[in-house]
Amino acid sequence: MLEETDWYLLNLFRLWWHYGISFLRLQMWVEEVMEKFMRIYKYQAHGYAFSGVEELLYSLGESTFINMTQRSVAESLLQVGVTQRFIDDVVSAVLRASYGQSAAMPAFAGAMSLAGAQGSLWSVEGGNKLVCSGLLKLTKANMIHATVTSVTLHSTEGKALYEVGYENEVGNGTDSYDIVVIATPLHLDNSSSNFTFEGFNPPINDIQGSFQPTVVSLVHGYLNSSYFGFPDPKLFPFANILTTDFPGFFYTLDNICPVNISANFRRKQPQEAAVWRVQSPKPLFRTQLKTLFRSYYSVQMAEWQAHPLYGSRTTLPRFVLHDQLFYLNALEWAASSVEVMAVAAKNVALLAYNRWYQDLDKIDQKDLMHKVKTEL
């Protein structure tokens, strides 16, 4: 077990003492991947877009990035000199906390996960979902509150026209659009993909793969520090606990506090009742809650399909499902995060624009680093 302290240099010394320079090799590997991935912002600033995930990844890291979607995190890290012990103790814990998966997951998604485990992260008071609702409000879009049931292909004057069927409290309805963007995962175990594609030849059959279920429980109560080896709760030193493979019923446990912390804010002491966030693969049974907590006042639980189950899909999807029908969540099958989805959204917007105005020189171009430098 590795204990982290508030002292940065002490943490570095402990990492070195336990694992040698594996943590430095890991950091260099992640930074190299992220440096190449950051090229996408320059490409998008110049209006370039990609019709498939493979084309996008190749433009950033060539065959290296493509291979990283097919090789495991463990295999890639061992190749750059990271020890198996470090992978088992540290890397696996981070991947379980972020994706609920192991070091056998693809290296590209793993690198994105490990990059997000570093410092300087932020939260939005009221929930990060406010970023999406705030952006939607700024667009002043005409929002139809309904559930989509079908997308049907029609044609007019040789151009594709898409009829979107939906249902809401009032009843059923349809509207026709020149461009449609699917911004929800299309996968086997998701009820949101129950809407149908009609009139397409060949048919659209990009619904494959499964998602990883995640459960978050907010528990207001007294932590059972004895379970973690501290009979006296006053001596319990941790605010966050990550697991590698045991126990299997939870991934992470952390003491949460407000986003905006006042000058007189004081984190709850271990012997006091506090709000703890437990991330687990399944809803916690009462016996499991009693294992983690001596007693508790309340439990609030949320369960959702959080991330793709990497390895359940053999090919990378495309952003273009049809002429002007686009699939934003395609990039999620390479890596899944808010930032990655923002990149995917910008790519789809540019792709739709370039295809509509037949600016084909801005789509799937190779050697973009040279082209961008030339344009500058």
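**Exercise 1. Describe the connection between S2 and S3 in this predicted model.**

Solution. S2 and S3 make up a hairpin, with four residues between the two strands. One residue of the turn, Gly 171, has a positive phi of about 150°. Next, take the strands themselves: S2 covers residues 159–167 and S3 covers residues 172–177. Their pairing is antiparallel and runs over six bridges. Within this pairing, Glu 163 has Ser 176 of S3 as its bridge partner.

**Exercise 2. Find which strand pairs with S2 through nine bridges, and give the sense of the pairing.**

Solution. The strand is S1, residues 147–156, and S1 and S2 run antiparallel. For a specific contact, look at Thr 152, whose bridge partner in S2 is Glu 163. Glu 163 is also the residue that bridges to Ser 176 in S3.

**Exercise 3. Place the strands in their sheet and work out which of them stand at the edges.**

Solution. Start with the order: four strands form an open sheet, arranged S3-S2-S1-S5, with mixed pairing. Then read the ends of that order. S3 and S5 (196–198) each have a single partner strand, so one side of each has no neighbour in the sheet. Finally, the twist from one strand to the next averages 20°.

**Exercise 4. Locate the two residues of the salt bridge between Arg 318 and Glu 55, and state what the pair ties together.**

Solution. First, the distance: the two side chains meet at 2.9 Å, N to O. Second, the locations: Arg 318 sits in the loop between S10 (293–308) and S11 (320–322), while Glu 55 belongs to helix H4 (residues 53–68). The pair therefore ties together parts 263 residues apart in sequence. Third, the accessibility: Arg 318 is partly exposed at 37%, and Glu 55 is partly exposed at 28%.

**Exercise 5. Examine the salt bridge between Arg 355 and Asp 323 by the steps of Exercise 4.**

Solution. The N to O distance is 3.6 Å. Arg 355 lies in helix H10 (residues 338–356) and Asp 323 in the loop between S11 and S12 (325–327), so the pair links distant parts of the chain, 32 residues apart. Relative accessibility is 21% for Arg 355, which counts as partly exposed, and 36% for Asp 323, also partly exposed. The structure holds seven salt bridges.

**Exercise 6. Count the disulfides and classify Cys 132 and Cys 257 by accessibility.**

Solution. With a cut-off of 2.5 Å between cysteine sulfur atoms, the count is zero. Exposed means over 50% relative accessible area, so Cys 132, at 56%, counts as exposed. Cys 257, at 31%, is partly exposed.

Technical notes. Residues numbered from 1 in each chain as written. Predicted model: local features only at pLDDT ≥ 70, side-chain atom pairs only at ≥ 80, totals over all residues. Heavy atoms only, no water. Pairing = 2+ DSSP bridges. Axes fitted to C-alpha atoms, helices over the stretch in contact; angles between N-to-C directions. Buried < 20%, exposed > 50% of the residue type's maximum accessible area, 1.4 Å probe, protein only. Salt bridge = Lys/Arg side-chain N within 4 Å of Asp/Glu carboxyl O.
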